Amino acid sequence: MKILITGGAGFIGKWLIEKIPPEVEIVVIDSLDKQVHRKSQDFAPELIARAKCIKADVQEIADYRESVEGTDVIVHLAAQTGTGQSMYEISRYVQDNANGTAKLLELISALDRKPRRIVLSSSRAVYGDGAYTNGQNVLYPKGRSLENLQRGIWEVCGSEGEILTPLPMQETHLTKPTSVYGLTKLWQEQLLENYCESQAIDLVTLRFQNVYGPKQELGNPYTGIIGIFTNAISQGSPLEIFEDGLVTRDFVFIGDVADAVIKCVADTRPLTTTINVGSGRAVTLIEVVETIAQLLHKKADFSVSGRFRVGDVRHAVADMNHYETIFGKWQPTSLKAGLAQYLEWYLHQEPLNPSTLQASLKEMEQKGLLLAKHT
Ligand SMILES: NC(=O)c1ccc[n+]([C@@H]2O[C@H](COP(=O)([O-])OP(=O)(O)OC[C@H]3O[C@@H](n4cnc5c(N)ncnc54)[C@H](O)[C@@H]3O)[C@@H](O)[C@H]2O)c1
């Protein structure tokens, strides 16, 4: 069996490759994007030992046709991943994520033998604010207005101003991205759906929630909120939590995500579907900060600032029922157990320079994407 992994040198790729049996041939195409790979512009020795590594932009993949020929499964991970950054580096996100996928499909159409299956790493960002209920109906409200956010009304409201209750995200829910990143992930899904259907190639689209764990790049200030929180808490620095701290997210441990991807790669049944991958549990950001502090035996010096990022959604959690109907019981790692593994790794790493994070926030502020509620 031969697998092509685009973006295979990244966080999810590294974990995935470790879990692939040694008899499987692996080809990695990764541009080693400087924002993600800050320390080295070379592939890690352990990756070179395991896979054929090609340093290239996925948009140039046509140049590597020979290496891709004979691939059974493609796992498409290569992407720009910063939600906030996507709101001003728009063409870069469209190029890398949408055009990158288009170029991958053009190469596949030129191959002598087509792959059996493509696994796409999509995101919960395609749901945008997601579905809500007023207790009776499933609703897709317009989202949070700037006016409400500036008044400190953080929850999603209905047409009469009533607060609505978020529903766990189901694969059948409407897709309505609130960021350019989310849009590009949806375009990836749609490009692949359109192409794979016409070519009878299996397509498994995985919509990941917030993935965290050891080996997540700490030097990238645009992604990885758990790294940002951990940095501040471990160094005893003040920590800002946006809005009122009660934003909820579904943090899913990287080992569980890699297992889910492996299941999709290895499954021999015909399989064309879209599947959520999350822990299925919503936690507030305050709960995350307090859990990290407790595990580090520190006191978190945090404040809820009332600042907010334009385009951020208020609540996100995966409904994992569809996964369970395909693969059986989903038993995700608990947040506490996952964070304990993360912290054990983190304590041996060079922390993120606080000035890098501050610069990224300043950048968002200057673009009008990080605002404060009116006092
Ligand atoms: N980590 C998460 O929380 C999360 C959540 C939802 C979806 N995803 C998706 O999972 C995938 C992998 O994410 P990750 O967390 O491993 O990110 P990552 O940034 O660690 O890895 C992405 C890899 O892709 C490479 N890359 C970027 N643009 C490229 C291009 N144009 N050509 C070739 N290589 C390129 C980067 O160098 C990097 O090694 C992405 O598609 C992302 O959208 C991740």
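Let's start towards the end of the chain, where helix H12 is followed by Gly-368, a residue whose phi is positive, near 75°. Keep in mind as you look around that this is a predicted model. Helix H12 itself covers residues 354–366. Its 13 residues, at 1.5 Å a residue, should span 18 Å, and the end C-alpha atoms are indeed 18 Å apart, so the expected and computed lengths agree.

Ser-355 is a good residue to click on in helix H12. Ser-355 counts as exposed because 10 other C-beta atoms lie within 10 Å, and the cut-off for exposed is 12 or fewer. If you trace from Ser-355 to Pro-221, you cross 134 residues along the chain, yet their C-alpha atoms are separated by 9.7 Å.

Now turn to the interior. The largest nonpolar core has 86 residues, and those with the most contacts inside it are Val-75, Val-119, Leu-206, Val-257, Val-261 and Val-289. Helix H8, residues 254–266, gives the most to this core, with seven residues. H8 also has 13 residues, which should span 18 Å at 1.5 Å a residue, and its end C-alpha atoms are 18 Å apart, so here too the lengths agree.

Which residues of H8 are buried? They are Ile-254, Asp-256, Val-257, Ala-258, Ala-260, Val-261, Cys-264 and Val-265. A general point about helices helps when reading such a list: an α-helix has 3.6 residues a turn, so residues three or four places apart point the same way. Val-257 is worth a closer look. Setting aside residues up to four places away in sequence, Val-257 touches Ile-12, Phe-208, Val-211, Val-252 and Val-277.

From here, move to strand S5, residues 117–123. Seven of the seven residues of S5 are buried, so this strand is largely enclosed by the rest of the structure. What lies on each side of S5? Arg-117, Val-119, Ser-121 and Ser-123 are on one side, while Ile-118, Leu-120 and Ser-122 are on the other; all are buried, and both faces are covered. S5 runs parallel to strand S4, residues 73–76, and four bridges join the two. Within this pairing, Ile-74 stands opposite Ile-118 in S5.

Two residues of S5 also turn up around Val-204, which is found in strand S9, residues 202–208. Leaving aside neighbours within four places in sequence, Val-204 is in contact with Arg-117 and Val-119, and also with Cys-264, Leu-271, Thr-273 and Ile-275. Is Val-204 buried or exposed? Val-204 counts as buried because it has 24 C-beta neighbours inside 10 Å, where the cut-off is 20 or more. Ile-275 is 71 residues away from Val-204 along the chain, but the C-alpha atoms of the two are separated by 7.4 Å.

At the start of the chain, strand S1 covers residues 2–6, and four of its five residues are buried, so S1 is largely enclosed by the rest of the structure. S1 pairs with S2 in the parallel sense over five bridges, and Lys-2 stands opposite Glu-25 in S2. Elsewhere, three strands form an open sheet in the order S7-S6-S8, with antiparallel pairing. Strand S7 (138–139) and strand S8 (165–166) are the edge strands, each pairing on one side only. Two bridges join strand S6, residues 132–133, to S8, and Thr-133 stands opposite Thr-165 in S8.

Next, visit the ligand. A shell of 30 residues surrounds the ligand, and the closest are Gly-7, Gly-10, Ala-79, Ser-121 and Val-211. The elements that give two or more residues to this shell are helix H1 (11–19), strand S2 (25–30), helix H4 (90–110), strand S5 (117–123) and strand S10 (210–212). H1 gives the most, with three residues. By type, the shell divides into 12 nonpolar, 13 polar and five charged residues.

Finally, two loop residues deserve a glance at their backbone angles. Most residues other than glycine have a negative phi. Leu-32, although not a glycine, has a positive phi of about 50°; Leu-32 lies in the loop between S2 and helix H2 (45–50). Glu-243 is likewise not a glycine and has a positive phi of about 55°. Glu-243 is found in the loop between strand S11 (239–241) and strand S12 (248–249). Leu-32 is partly exposed, with 16 other C-beta atoms within 10 Å, whereas Glu-243 is buried, with 21.

Terms used. Residues numbered from 1 in each chain as written. Predicted model: local features only at pLDDT ≥ 70, side-chain atom pairs only at ≥ 80, totals over all residues. Near = placed C-beta within 6 Å. Nonpolar A, V, L, I, M, F, W, Y, C, P; charged D, E, K, R; others polar. Expected span 1.5 Å × (residues − 1). Core = buried A, V, L, I, M, F, W, Y, C linked by C-beta atoms within 7 Å. Contact = placed C-beta atoms within 7 Å. Pairing = 2+ DSSP bridges.
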